[in-house]
Amino acid sequence: MTACSHAAPRCGAPTTAPTPAGVQVLHVTAADGVAVTADLYAPHPPAAPMIVLFHQAGYSRGEYRAIAPRLNELGFNAMAVDTRSGEASQGVGNDTAASACELGKPATYVDAVADMRAAVAEARKHARGKLLIWGSSYTSALVLAFGGELAADGVLAFSPGEYFTDLGKPKTWIADSAAHLTVPVFITSAKSEHGAWAPIAARIAHVTAFVPETAGHHGSSTLWPTQPDHEAYWTAVTAFLAQFR
């Protein structure tokens with residue numbers, strides 16, 4: 001398991017790979033004034049289902065550069081969001097982390113919830129169909145905790161866990177919060193991480209769990225084409241998403 005770390009953001013303009021053709025870069029403002037940056041992959045009409053994608057610790061919206069286009073192929077629009085607790089991924093810097101740093105705002109995992117709220121509100125301006133939220137590592141726990149508040153129609157969590165005890169949260173904060181979810185939920189991780197989220201999954205009414213036969217990988221990056229067993233994960237994800245099309 002890749003451990004989560006509460007990394008502080010780096011101030012200054014991040015180095016960012018070119019934005020892919022057809023992708024729109026959006027900027028919204030969180031409740032505390034932090035500028036939240038997101039990439040909108042929306043080749044389909046607004047009536048198509050939308051997935052809002054959140055990255056893992058130390059990463060950025062770049063975690064989804066190879067994932068969002070495949071979601072588009074499955075019929076979904078997607079929005080990949082920078083949250084303030086992160087740095088870079090796939091050559092894409094984290095603009096939201098830079099904004100938080102410049103403004104002197106805290107950037108722990110829990111503080112990233114403000115960015116998630118702002119991003120989901122923005123996504124609803126671009127979508128009239130069903131809206132799903134998807135998280136990776138620490139954000140996968142947060143989408144389970146806040147999926148109900150955010151009125152998601154479905155939740156996908158890649159490598160969730162109780163990552164927040166050193167931030168003052170109870171040991172079962174995610175499990176207790178996720179127990180209130182009434183929508184379909186998908187959970188997966190590396191094979192070795194199953195024990196970390198099994199107690200969480202046991203509290204969820206409508207859960208689909210995928211534990212790979214191979215070692216797998218931490219977070220959403222298990223779906224990258226460079227991962228040897230990524231297709232097994234994609235098969236499970238595709239089957240879960242079929243109910244929303």
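**Overall architecture and packing of the predicted model**

Of the contacts in the protein chain with a separation of 6 or more, 70% are accounted for by residues 24 or more positions apart. The model is a predicted one. Seven helices and 10 strands are present in the protein chain. The radius of gyration is 16 Å, close to the 18 Å given by the globule rule for 245 residues, and the chain is therefore as compact as a globular protein of that length. Taken along the principal axes, the box filled by the C-alpha atoms is roughly 40 × 40 × 35 Å. Of the 245 residues, 55% are buried. The surface exposed by the protein chain amounts to about 9500 Å², of which 55% is supplied by carbon and sulfur atoms.

Eight strands form an open sheet with mixed pairing, in the order β1-β2-β4-β3-β7-β8-β9-β10. Strands β1 (24-29) and β10 (207-210) are the edge strands, each pairing on one side only. From one strand to the next, the twist averages 20 degrees. At the β1 edge, β1 and β2 are paired in the antiparallel sense over six bridges, with valine 28 standing opposite valine 36 in β2. These two strands form a hairpin in which five residues lie between them, and glycine 33 in the turn adopts a positive phi of about 95 degrees. Parallel pairing is found between β7 (residues 131-136) and β8 (residues 154-158), which are joined over five bridges. Within this pair, isoleucine 133 has valine 155 of β8 as its bridge partner.

Helix α3 (residues 113-126) lies across five strands, namely β1, β2 (35-41), β3 (50-54), β4 (77-81) and β7, and runs at about 160 degrees to β3. Glutamate 122 belongs to this helix. With a relative accessible area of 13%, glutamate 122 falls under the 20% cut-off and is therefore classed as buried. Beyond its neighbours within four places in sequence, glutamate 122 contacts Leu26, Val28 and Met79. Of these contacts, Val28 is also the residue that stands opposite valine 36 in the β1-β2 pairing.

In helix α6 (residues 194-201), the buried residues are Trp197, Ile200 and Ala201. They span an arc of only 95 degrees around the axis, and so lie on the same side of α6. The packing partners of these buried residues are helices α4 (138-146) and α5 (173-178) together with strands β9 (185-188) and β10. Strand β10, one of these partners, is also an edge strand of the open sheet.

The loop between β10 and α7 (230-241) contains glycine 219. This residue has a relative accessibility of 1% and therefore counts as buried. Although glycine 219 and phenylalanine 158 are 61 residues apart along the chain, their C-alpha atoms are separated by 4.8 Å. When neighbours within four places in sequence are left aside, glycine 219 is in contact with Gln56, Glu63, Ser136, Ser137, Phe158 and Ser159. Among these contacts are Ser136 and Phe158, which fall within the residue ranges of the parallel strands β7 and β8, respectively.

Conventions. Residues are numbered from 1 along each chain as its sequence is written. This is a predicted model: local features need pLDDT of at least 70, side-chain atom pairs count only at pLDDT 80 or more; totals for chains, interfaces and linings use all residues. Side-chain values use heavy atoms; hydrogens and water are left out. Two strands pair if DSSP finds at least two bridges between them. Helices (H or I, at least four residues) and strands (E, at least two) are DSSP runs, numbered from the N terminus. Axes are lines fitted to C-alpha atoms, for helices over the stretch in contact, and angles run from 0 to 180 degrees between N-to-C directions. Contact means heavy atoms within 4.5 Å. The radius of gyration is taken over C-alpha atoms; the globule rule is 2.2 Å times the number of residues to the power 0.38. Buried means under 20% relative accessible area, exposed over 50%, partly exposed in between (1.4 Å probe, protein chains only). Accessible areas come from the Shrake-Rupley method with a 1.4 Å probe; for residues, only the protein chains shown count as cover. The arc is that of the directions from the helix axis to the C-beta atoms.
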